[in-house]
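Got the viewer open? Here's a short tour of what to select and what you'll find there.

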Amino acid sequence: MKKTTFLIIVTITGIALAGIIFIQFYWIRNAILLQEEQFDNRVRLALKGAVNQMYESKSDTCNDGLFCTHNCLKHDSLLPSGINVDALKPLIITEFSEVGLHGPYVYGIFSSNTQRAEYISKPAYKAQLLHSRHTASLSCIFKNDQLMLAAWFPDERNRAFHSIFWWLLVCFVLLVILVLGFIFTIYSFLRQKKISEMKSDFVNNITHEFKTPIATISLASEMLLKPSVLSSETKARKYAGIIYDENIRLKKQVENVLQLALLDRGTFSLKYAPVDLHQLIVKAADSFQLLVKEKNGSLKLQLIALNHQVYADVMHLENIITNLLDNASKYSPGIPEITISTFNRNDHIVFAIEDKGIGISTENQKHIFRKMYRVHTGNLHDVKGFGLGLYYVKSLVEAHNGNVNLHSEPGKGSRFEISLPLDYLNNKSLNLKPDES
Ligand SMILES: Nc1ncnc2c1ncn2[C@@H]1O[C@H](COP(=O)(O)OP(=O)(O)OP(=O)(O)O)[C@@H](O)[C@H]1O
Ligand SMILES: [Mg+2]
């Protein structure tokens, strides 16, 4: 998919998602307003019902005890207006519960003219009750006094929210899933895109790397077939030599690719044996010396580890060293200055391969151990490679229960530190499978 098409799709999907979130919030707000309206209506109904009940009780004085005289009631339950508080309470509770309103709430009777409270079920909330929007006039009962029956709900604001809480929660969880899903899809897409770019770089590199030796071999064999060349032994040797060298180069490259397949499947088997790491480093450095000298560079050894015996697969260990040396030389554009050092740390031997080459940025340091990853400038054909070396190094070092550390600064150079457990820890510390020993 083209970058612009991808951006258009992501933008449209992002806008659609933002739209859905906005609409959800709009509906939630509406739902809360609706709940509040319903609540107001229920309170209004309950208060009206209570007033009606009081009105009906007014005519038969003392029958149900709501309106009494001082003669038939104890003084403290009677209000100045003649209402019996003891009878008012059950009436309010019944009316409120009939419309589904349950505590906590405060109710009372006050004069709307003078703001004088005649009765408040919880006097501490007088101020709130006097300002409550839930009131019903008692003018049908008390013609001149402008009395009001009022109710106040301390949790009024939360009631609407609580009534739709579970819906809100489900809605929120679904939205979070949707947003995370969206982000994850973009992330996976970009990752896949990067992987497919890396793969196509890899195929390009491989084709390029294979084409050169194949072309050289074909040219050299063509020359060999010529009678003039065949008749001269030196010429024939020269072309046979070229074919031989290029063939070895091809073989090495095929091995590299095959190794990748083995690493991927995790089916490589290690032939463990005691190895003198210093000896191995000296051997690898010797065969590398020539290449470094060709570039007028230097390869120094500082092997100061006192204990340098490891328990490892010698062939893979040599490959690890060669890969790191190869990188140190390849990524030193001028004169390579390479140092190999060793030292002991705890029960490990650490060997470090250091160069003063181009270095690696912090961002790239996170990725270079991934298979087929090459730093972008490294894709230039003058610095050849498949991006497999460090993937191989890391996988194999870890298979030996070791670890790789990298310190690098762009423009200053890189230092790869490999730490391996010492020989005497061998079988105890290595996770050997039966067929690996
Ligand atoms: N010593 C180093 N200095 C600077 N950059 C390095 C160094 N070693 C590795 N890199 C960077 O890390 C990338 C990955 O290295 P790796 O050895 O895995 O692949 P490669 O050298 O490109 O190819 P291969 O080793 O498969 O032939 C390289 O492309 C290079 O950009
Ligand atoms: Mg390499």
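Start with strand β10, residues 403–409, which pairs with β11 in the antiparallel sense over seven bridges. Pick Asn 405 in this predicted model, and you'll find Glu 417 as its bridge partner in β11. Now look at the hairpin of β10 and β11: three residues sit between the strands, and Gly 411 takes a positive phi near 85°.

Keep β11 (residues 413–421) selected and add strand β9, residues 348–355; these two also pair in the antiparallel sense, over eight bridges. To see one spot along that pairing, click Asp 355, which stands opposite Ser 414 in β11.

Next stop, the helices. Select α5 (residues 165–225) and α7 (residues 233–265): their axes come within 9 Å and cross at roughly 155°. That is over 145 degrees, so α5 and α7 count as roughly antiparallel to each other. The crossing of α5 past α7 is left-handed. For the contact itself, show side chains on the α5 side, including Phe 210, Pro 213 and Ile 217, and on the α7 side, among them Tyr 239, Ile 243 and Leu 250. The residues of this contact split into 14 nonpolar, four polar and three charged.

Last, jump to Glu 118 in strand β2, residues 117–120. Is Glu 118 buried or exposed? It's partly exposed, because 17 C-beta neighbours lie inside 10 Å. Beyond its sequence neighbours up to four places away, Glu 118 touches several residues, including Pro 80, Phe 110 and Leu 147. Another is Leu 79, which is 39 residues away in sequence but 6.8 Å from Glu 118, C-alpha to C-alpha.

Definitions and conventions:
Residues numbered from 1 in each chain as written. Chains lettered and ligands numbered in written order. Predicted model: local features only at pLDDT ≥ 70, side-chain atom pairs only at ≥ 80, totals over all residues. Helix = DSSP H or I, 4+ residues; strand = E, 2+ residues; numbered from the N terminus. Buried ≥ 20, exposed ≤ 12 C-beta atoms within 10 Å, placed from the backbone. Contact = placed C-beta atoms within 7 Å. Pairing = 2+ DSSP bridges. Axes fitted to C-alpha atoms, helices over the stretch in contact; angles between N-to-C directions. Parallel < 35°, antiparallel > 145°, perpendicular 65-115°, else oblique. Left-handed = near helix turned anticlockwise from the far one by under 90°. Nonpolar A, V, L, I, M, F, W, Y, C, P; charged D, E, K, R; others polar.
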